[in-house]
6 protein chains.
Amino acid sequence: MPLLNVKVMEGVFTPTQKQEMIRKLTDTMVSIEGENLRAVTWVVIDEVKSADWGIGGNSLTTDDVKALAAGEG
Amino acid sequence: MPLLNVKVMEGVFTPTQKQEMIRKLTDTMVSIEGENLRAVTWVVIDEVKSADWGIGGNSLTTDDVKALAAGEG
Amino acid sequence: MPLLNVKVMEGVFTPTQKQEMIRKLTDTMVSIEGENLRAVTWVVIDEVKSADWGIGGNSLTTDDVKALAAGEG
Amino acid sequence: MPLLNVKVMEGVFTPTQKQEMIRKLTDTMVSIEGENLRAVTWVVIDEVKSADWGIGGNSLTTDDVKALAAGEG
Amino acid sequence: MPLLNVKVMEGVFTPTQKQEMIRKLTDTMVSIEGENLRAVTWVVIDEVKSADWGIGGNSLTTDDVKALAAGEG
Amino acid sequence: MPLLNVKVMEGVFTPTQKQEMIRKLTDTMVSIEGENLRAVTWVVIDEVKSADWGIGGNSLTTDDVKALAAGEG
């Protein structure tokens, strides 16, 4: 039953990292809800276009997020 | 007033099938809510990238969903 | 796999009508996607508080929507 | 803390207009909530594919929305 | 056509402030998209329960947000 | 930047479990994205009313989900 929707910016995560998100976020939910709910635990990832995400009114690009992740933000 | 958001995986449904969804889901809502609310009944379809949908921690691709729909899943 | 999120205003539909929505919207999706996807077709209803829905800048209350549905809007 | 999700149809707004949306919608929220919440005010824009938006059961294309905006709808 | 979904924490804004949000956010969108799209501009407010919102892993309560807004956060 | 929206059924999880979700899901995301993005990782929980969630057309109540979690479903 739990449904996780994850919004990330396109180009920040690789397909491998997104599969890792799906697997690990599900395992995290299952650690709380119990193994019996695993089959009805869904994770859906939405990608938002570069610059279509604003914090405090400032648009962030994919490069901005990568720089932030690298500690250069 | 009712707002339906439909998330599907990209590449599973044709444009014609998506138009059919919009028309038929609206008619279904109208059969419950009454004809007077038709004009304020919205259906918005979001497409999720192949592999960005997980059930029980396993990523599903467009091909996985097509196989499942064909009874090969 | 398809996920339908239905936003309605609280107090407009009875619990029976909401069960009818879940059943009929699922049947409608299955008529397009095929019976094999029924088990992975989810419908989730969210209720929005009266007056927390605006069209063209005007807030609608539960009574407004009921009047509209009754043809008095 | 406030989170604004804006769904628009792809191709209707330019990148410049979307940046304007992010900036102005944030300023509008801040005018109500106060300047101290600006840093935790997020705006995320989702684009919906042409024809994947239905009003009253009719699909709208990007051209339909542009015509409507131009007063030809 | 544009659809704004605004998530706020319950108890932070009064009904009057939420009506102001609906009116002003719509006017802001109309200032960008043009007056012809006003009638198809929707704003829907969702309220999240106190403590059900986390930033950086820390839950925020309604009181936390009020303190932050008051410059005491 | 990542935004996690978690939909659960009301009454299934305690406030303590929901705080645990916020903390652990954030830690899981940070293990993939890196510590520098922690401050911009948000988790928002939405609760859906009992019976307002359908799988395959059948409404689930809070008791149904608890029974399923307990292995009695």
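# Six chains, axes and sheets

Visitor: How do you superpose chain B on chain D?
Guide: A rotation of 120° with 0.0 Å of shift along its axis does it, giving an RMSD of 0.0 Å (a least-squares fit on C-alpha atoms of residues with pLDDT of at least 70 in both copies). The two copies are therefore related as by a three-fold rotation axis. In chain B, the C-alpha of B:Asp46 is nearest that axis, 5.2 Å from it.

Visitor: What kind of model is this, and how are residues numbered?
Guide: The model is predicted, and local features need pLDDT of at least 70, side-chain atom pairs count only at pLDDT 80 or more, while totals for chains, interfaces and linings use all residues. Residues are numbered from 1 along each chain as written, chains are lettered from A and ligands numbered from 1 in written order, and side-chain values use heavy atoms, without hydrogens and water.

Visitor: Okay, what turn lays chain A on chain F?
Guide: A turn of 180°, with a shift of 0.0 Å along the axis and an RMSD of 0.0 Å. So this is the relation of a two-fold axis. A:Asn5 comes closest to the rotation axis among the residues of chain A, with its C-alpha at 2.5 Å. Both copies use the same surface, since 100% of the contact residues of chain A recur in chain F (contact is heavy atoms within 4.5 Å).

Visitor: Which chains do not touch?
Guide: Chain C and chain D are one such pair, with their nearest C-alpha atoms 13 Å apart. Chain B and chain F do not touch either, and their nearest C-alpha atoms are also 13 Å apart.

Visitor: New topic: in what order do the eight strands S4(B) to S4(E) form their open sheet?
Guide: The order is S4(B)-S3(B)-S2(A)-S1(A)-S1(F)-S2(F)-S3(E)-S4(E), with mixed pairing. Strands are DSSP E runs of at least two residues, and helices are H or I runs of at least four, numbered from the N terminus; strands pair if DSSP finds at least two bridges between them. The edges are S4 (58-60) of chain B and S4 (58-60) of chain E, each pairing on one side only. Neighbouring strands are turned by 25° against each other on average, direction ignored.

Visitor: How do S3 of chain B and S4(B) pair?
Guide: S3 (residues 53-55) of chain B pairs with S4(B) in the antiparallel sense, over three bridges. B:Trp53 stands opposite B:Leu60 in S4(B).

Visitor: And what does helix H1 of chain A lie across?
Guide: Helix H1 (residues 15-33) of chain A lies across S1 (3-9) and S2 (42-48) of chain A, S3 and S4 of chain B, and S1 (3-9) of chain F. H1 runs at about 140° to S2(A) (axes are lines fitted to C-alpha atoms, for helices over the stretch in contact, and angles run from 0 to 180 degrees between N-to-C directions).

Visitor: Where's the empty space? How many cavities of 30 Å³ or more are there?
Guide: One. A cavity is a set of points on a 1 Å grid over the protein atoms alone where a 1.4 Å probe fits but cannot get out, and its lining residues have an atom within 4 Å of a point. About 600 Å³ lies in the largest cavity, counted as space filled by probe spheres set on points joined across faces, edges and corners.

Visitor: Which residues lie nearest its centre?
Guide: Of the 30 lining residues, A:Asn5, C:Asn5, D:Asn5, E:Asn5 and F:Asn5 lie nearest the centre. Strand S1 (residues 3-9) of chain C gives the most to the lining, with four residues.

Notes:
1 Å grid on protein atoms, 1.4 Å probe; cavity = no way out; pocket = protein on both sides within 12 Å on 5 of 7 lines; lining within 4 Å.
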